[in-house]
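Me: I would like a close look at a single part of the model shown below, with the cut-offs given as you go.

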Amino acid sequence: MTRKPVPGANTTLKYGLVETDLGWIGVAGGPAGLVAVTHPLASPGDVELELQRFNRQVRMERDDGAFEDVLGQVVRHFRGERVEFRVELDPTLGTPFQREVWRALRSLPYGSTASYGWVARQVGRPKGPRAVGQAVGRNPWPIIVPCHRVLAGDGTLGGFGGGLALKRALLKLEGVGAVKDR
């Protein structure tokens, strides 16, 4: 994750971890809301390193209890349940354009996909699919803000920070049929 550090470098962020069938996932947050979600990783140590890389300038403190609700939602999602993630996201992250893109992504229903062009039209930038792709790539809350549901204009997977195998697995989990490879 190469993303902007969390505002308020003097604060302590809490984080929690949970194991899913696809690997360990971490979430981190502060007073303003959730600031990061990792992709599934091989071990709790890998997740902690990823969260620390994202939040280099802040102190991290593990507190699974602080994230019991969101971690439970993540587990249910990875069991194949339709989950509408109800969690406060830190509104200070990202540029205004990125926040618009992330809001549009949250409107994508479970089990559906859209193209980068569709997202660009939703945010009033019909000629901006590449800019949308960059904003999607900087999404600090994968799974919760479902960037895995965005495909290239030709229907292929496009890119994904967690790798195309994970993107394919997430779509399959949601019942999305075969997606073309490039």
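How many aromatic pairs does the structure hold?

Reply: The structure holds 1 aromatic pair, where pairing asks for ring centres within 6.5 Å, with the six-membered ring standing for Trp. This is a predicted model, in which local features need pLDDT of at least 70 and side-chain atom pairs pLDDT 80 or more, while totals for chains, interfaces and linings use all residues. Numbering runs from 1 along each chain as its sequence is written, and side-chain values use heavy atoms, leaving out hydrogens and water.

The rings of Trp 102 and Trp 141 have centres 5.3 Å apart and planes at 85 degrees, so the pair is edge-to-face (planes over 60 degrees apart; under 30 is stacked, the rest tilted). Trp 102 belongs to helix α3 (residues 96–106), Trp 141 to the loop between α5 and β6, and the pair thus links distant parts of the chain, 39 residues apart; helices and strands are DSSP runs of at least four (H or I) and two (E) residues, numbered from the N terminus. Trp 102 is buried at a relative accessible area of 4%, and Trp 141 also counts as buried, at 3% (under 20%, with a 1.4 Å probe and protein chains only).

The loop that carries Trp 141 also holds Asn 139, between α5 (129–137) and β6 (150–151). Asn 139 is buried as well, with a relative accessible area of 1%, and a polar atom of its side chain lies 2.8 Å from the backbone nitrogen of Trp 141. The side chain of Asn 139 further reaches the backbone oxygen of Val 145, at 2.7 Å.

Trp 141 is also part of the largest nonpolar core, which has 49 residues (buried Ala, Val, Leu, Ile, Met, Phe, Trp, Tyr and Cys joined through side-chain atoms within 4.5 Å). The residues with the most contacts inside this core are Leu 34, Leu 51, Val 101, Leu 105, Val 132, Trp 141 and Ile 144. A second, separate core of 5 residues includes Leu 151, Leu 171, Val 176 and Val 179.

Val 132, listed beside Trp 141 among those core residues, touches Phe 97, Val 101, Tyr 116, Val 119, Ala 120 and Val 123, not counting residues up to four places away in sequence (heavy atoms within 4.5 Å). Of these partners of Val 132, Phe 97 has the charged end of Arg 125 over its ring, 4.4 Å from the ring centre (CZ of Arg or NZ of Lys within 6 Å of the centre and 35 degrees of the ring normal).

Key: Buried means under 20% relative accessible area, exposed over 50%, partly exposed in between (1.4 Å probe, protein chains only). A polar contact is a pair of N or O atoms within 3.5 Å; within protein, one must be able to donate a hydrogen and the other to accept it, and residues adjacent in sequence count only if both atoms are side-chain atoms.
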